[in-house]
There are 2 protein chains.
Amino acid sequence: MRERANRTTIRRVAREAGVSVTTVSNYLNGRHSQMSAATRERVREAIQRLGYHPNHVARSLATRRTATIGLIISELTNALYPPVILGAEAACRHAQYSLLLANAPDAESERRAVELMRRKQVDGLILFSVSFIDIANDHLLCAHEEGVPIVVINRTMPEGAPIPRVMLDNFRGAYLATRHLVELGHRCIAHIAGPANRFTGLDRRAGYLAALAEAGLESTSALVLEGDYSFESGYRAMHALLDHRPSAVFIGGDAMALGALRAIRDAGLRVPDDLSLVAFGNPDFVHYATPALTTVDLPIVEAGKIAVELLLERIAAPETPGETRMLAPRLLVRESTAPIA
Amino acid sequence: MRERANRTTIRRVAREAGVSVTTVSNYLNGRHSQMSAATRERVREAIQRLGYHPNHVARSLATRRTATIGLIISELTNALYPPVILGAEAACRHAQYSLLLANAPDAESERRAVELMRRKQVDGLILFSVSFIDIANDHLLCAHEEGVPIVVINRTMPEGAPIPRVMLDNFRGAYLATRHLVELGHRCIAHIAGPANRFTGLDRRAGYLAALAEAGLESTSALVLEGDYSFESGYRAMHALLDHRPSAVFIGGDAMALGALRAIRDAGLRVPDDLSLVAFGNPDFVHYATPALTTVDLPIVEAGKIAVELLLERIAAPETPGETRMLAPRLLVRESTAPIA
DNA sequence: CACGTCCTCTGTACCGTTTCACTAAACCGG
DNA sequence: CCGGTTTAGTGAAACGGTACAGAGGACGTG
């Protein structure tokens, strides 16, 4: 067999150490049991001397595993994605997996990303999605059908779909936020909602309504305004809401909450003296406002972590049925809420 | 040759289409020129019928390229990393590359990450580093020596190191911020600096001093306090600074700036009426404060993008010498700065 | 001493592509 | 009709590992 002299492969190491290729392979894969200390030492030294780096690509071809999982994110501009990456990367690293990352801003590029990652032979796929209520899933179901383990985060799936989901309990979070206001004695509680084409917005709105209903309070539609998660939309909504003189507002977003805070300031009112405020979302973002906003914190780092764990389970045991993991939010009470005057 | 019946490979496609493996390979790689329309169609149809997905791992083994680059980030908890990923991912996708992501919180895990990515045969490596002034580079220089294209972002390297760098001009940013305050008529300008073991902190401090010197202003050491980039440290530093009655403060960080703002509020003073403030860093974070903070914006998304571009150049032409790309910051004037009363 | 067992180590087919060297047929001008 | 060129397509050796089946020797046992 002719051999290129310049590249350092497992065969070169074997020759250098005077052993067989299999022995080197055994050494590299920790199968030290069937190996004398002397041989082990010679292999170790040969590797060292040649500065050998094993080629994972060749290994993956032979073993049909890449020890890599793909993370496809719908919206890399969304503020929620960094913690997801944080959690997923840590869990991957812990399990000796690598993370292949792709952004997929629209349905078509999501399809392409899935196809690309399948070609790259990832061992599994995680999709962290934007929360649109109607979203195409056929390519995922199809990939799943063909044996690619998949887990989704924050994505609606048809009933009984075999794909595990990690969901954030938006309903519960909104409920907790609103109940907190109720418990402080507020009776006229407004809501600035997210857009109605996203289930996050809808679920939060539903949680708000449920808490009101439980307290026997009426929900006027005049007290629920819709924003688009932007600072400006929060400002506008709050400005409009001020006419109805609510004593508290639950705001279904972080940037919107800061917008609302600004609107209240500009109107010459004070938080929490004149008006209590609860936000929803990235807690850092609203923590350093003045006053620090009470907010609902979603365990997003954990969502990334759990998604990886579920995925690894599926990789180990592909037939495990799809389950939904609902993650509970926490209410962080800070300075923007107070008992009604 | 025995063949496993169940896996759909290029050989199966070839048999199905009644052509050779080479022909299918040519088809897949767009070498349509040497191919009759009829053959092309038969191959296309066979691929379709079998639901064939080409195996990039095998392809990478044969071609010795993976079309993947590795991005190693020192500090995935740092607020600067999301925009870097954003820029890098977009540039990668545009060039048909994939992005393998790893977090490397300390020197040892950075070494491991580099080694792992080399094993995975990435075509090149980007390191986005925390700005410690003394940082080990030997493993990078060594990998470079052995032919792995590398680009670093935000990292010091020994003079004349052959590794291209993308740097953010912290000095210039601080200079612009301070000059802005000078131009508004401020004469007593304080500075809350970052830690002295990071070049970002040092460069910003130097830029501040340069602008003062240029205006013929004295720099008292009492007016320069050091924080650790946290909200709390900003609060404490500002609180202490208030005794010296500066009319303006340049703060070398975003969270510290919000802390400072809070301290000013708590002291019953107003921004910008009593005190002008300029921040540094993530502009979104301080945009929605009240008042919106004037800040220095570093082009971080672009840094990720440019790093990828430099890397792709190096991949195409490995002998290109190392260069340093210094990226210019922008001063965003908002509501927290005003002419001196 | 023959035999089975354990231990250590080896040879080589195979993973699924690419690509080089090559061939058969078609074409074409003179 | 011939020699040369172009066109369309083929066969098989890499690429760098893994892992199966098995070899050879040492050792214990009856």
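This report describes the protein surface around two DNA strands in a predicted model.

## Basis

Residues are numbered from 1 along each chain as its sequence is written, chains are lettered from A and ligands numbered from 1 in the order in which they are written, and side-chain values use heavy atoms, with hydrogens and water left out. Because the model is predicted, local features need pLDDT of at least 70 and side-chain atom pairs count only at pLDDT 80 or more, while totals for chains, interfaces and linings use all residues.

## DNA strand C

Around DNA strand C there are 29 residues (a heavy atom within 4 Å of the strand). S20(A), T22(A), T39(A), R7(B) and S25(B) come nearest. By class, 10 are nonpolar, 13 polar and 6 charged (Ala, Val, Leu, Ile, Met, Phe, Trp, Tyr, Cys and Pro count as nonpolar, Asp, Glu, Lys and Arg as charged, and the others, Gly among them, as polar). The largest share, 4 residues, comes from α4(B).

A side-chain N or O atom of T23(A) is 2.8 Å from a phosphate oxygen of this strand. Bases are approached by a polar side-chain atom of R11(B), 3.3 Å from a base nitrogen, and by a backbone N or O atom of A62(A), 3.5 Å from a base oxygen.

## DNA strand D

DNA strand D is surrounded by 30 residues, the closest being R7(A), I10(A), S25(A), T23(B) and T39(B). Of the strand's atoms within 4 Å of the protein, 63% belong to sugar and phosphate. Here α4(A) gives the largest share of the surface, 4 residues.

Phosphate oxygens lie 2.6 Å from a side-chain N or O atom of S25(A) and 3.4 Å from a polar side-chain atom of R64(B). The side chain of R11(A) has an N or O atom 3.1 Å from a base nitrogen.

Note on methods: Polar contact = N/O pair within 3.5 Å; in protein donor to acceptor, adjacent residues only side chain to side chain. Helix = DSSP H or I, 4+ residues; strand = E, 2+ residues; numbered from the N terminus.
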